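These entries record what I looked up in the structure, in the order in which I looked. I began with the sheet and moved outward from there.

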Amino acid sequence: MSISAPGASKPPRIWGELVVDGDRVVVRLSGWRRVLATKSVVAFPLASIARIEHDPLARAHVRSGLRNWKRHGQGLWRIGVYHGIDGWSFWSIGLGRNAVLVECSGQRFRYVVIEVADPVATVRVIRAGAARVTSRIPGGLDAGSPSRTRPAAPQSGARGPDEPENRKE
């Protein structure tokens with residue numbers, strides 16, 4: 001007999017969707033979330049994405065000063081436009097376990113945090129779209145750069161951390 005937390009077996013709620021539409025990312029909310037957010041659609045160019053990742057702890061990583069009822073309340077949903085130390089952010093998350101964090105540069109919203117049905121697939125699709133539009137993949141990796149080179153071999157007499165000492169006594 002296994003005991004699990006209540007609601008642990010429930011599928012996560014879909015708070016919104018991130019869709020690549022040409023050279024833009026479109027955030028769509030539906031139902032009562034659209035009414036509370038006062039925006040039903042938010043769009044920004046793929047070229048403006050500086051970072052995108054699946055981040056279940058987005059509440060702790062993105063500071064939102066105004067309209068912040070709890071410092072890091074896991075049971076509290078967050079919907080709408082917020083302003084904090086880092087700039088403006090747009091949120092549509094519940095518990096946040098499937099949250100996708102998008103950091104933009106040069107746009108009104110520095111952060112867009114949306115809880116989606118499949119965060120891994122959403123991040124993969126947006127990264128592929130951003131790599132197609134620009135020569136870089138959000139997250140700091142260049143799409144066109146050569147593979148990472150191996151570090152230079154140690155000079156003679158120097159030993160690495162895995163090499164045994166060869167002393168003559």
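Entry 1, the sheet. I traced an open sheet of five strands in this predicted model. The strand order is β4-β7-β8-β6-β5, and the pairing is mixed. I noted that β4 and β5 occupy the edges with a single partner strand each, so one side of each has no neighbour in the sheet. From one strand to the next, the twist averages 10 degrees.

Entry 2, pairing by pairing. I asked in which sense β6 and β8 run, and over how many bridges. They run parallel, joined by five bridges. Within this pairing, I found Ile-114 in β8 as the bridge partner of Ser-92. For β7 and β8, I recorded the antiparallel sense, again with five bridges. Here Glu-103 stands opposite Tyr-111 of β8. The hairpin of β7 and β8 has four residues between the strands, and Gly-106 in that hairpin adopts a positive phi near 80 degrees.

Entry 3, the β5 edge. Strand β5 covers residues 78-84 and β6 covers residues 87-93. I counted seven bridges between the two, which run antiparallel. The hairpin that links β5 to β6 passes through two residues. Opposite Arg-78 I found Ile-93 of β6, and opposite Ile-79 I found Ser-92 of β6. Ser-92 therefore appears twice in my notes, since Ile-114 in β8 is its bridge partner as well.

Entry 4, burial of the strands. I asked how many of the seven residues of β5 are buried. Six are, and the strand is mostly covered, although β5 stands at an edge of the sheet. Strand β8 is also mostly covered, with six buried residues out of seven. For the protein of 169 residues, I noted a buried share of 34%.

Entry 5, the cores. The largest nonpolar core holds 24 residues. I listed those with the most contacts inside it: Leu-18, Val-27, Phe-44, Ile-49, Phe-90, Val-102 and Val-112. The elements that contribute two or more residues to this core are β2 (24-28), β3 (41-45), β4 (49-54), β5, β7 (99-104), β8 (109-115) and α3 (119-133). I then found a second, separate core of nine residues, among them Val-62, Ile-93, Ala-99 and Leu-101. As background, nonpolar side chains tend to be buried together in soluble globular proteins.

Entry 6, Val-102. I asked which residues Val-102 touches once those up to four places away in sequence are set aside. The contacts are Leu-18, Phe-44, Ile-49, Arg-51, Ile-52, Arg-110, Tyr-111 and Val-112. Of these, Leu-18, Phe-44, Ile-49 and Val-112 are also listed with the most contacts inside the largest core.

Entry 7, the helix on the sheet. I located α3 across β4 and β7. The helix runs at about 160 degrees to β4.

Entry 8, the protein as a whole. I recorded three helices and ten strands. From the N terminus on, the order of elements is β-β-α-β-β-α-β-β-β-β-α-β-β. Among contacts with a separation of 6 or more, 46% join residues 24 or more positions apart. The accessible surface is about 10,900 Å², and carbon and sulfur atoms account for 53% of that area.

Definitions and conventions: Residues numbered from 1 in each chain as written. Predicted model: local features only at pLDDT ≥ 70, side-chain atom pairs only at ≥ 80, totals over all residues. Heavy atoms only, no water. Buried < 20%, exposed > 50% of the residue type's maximum accessible area, 1.4 Å probe, protein only. Contact = heavy atoms within 4.5 Å. Areas by Shrake-Rupley, 256 points an atom, 1.4 Å probe, with all protein chains shown as cover. Core = buried A, V, L, I, M, F, W, Y, C linked by side-chain atoms within 4.5 Å. Axes fitted to C-alpha atoms, helices over the stretch in contact; angles between N-to-C directions.
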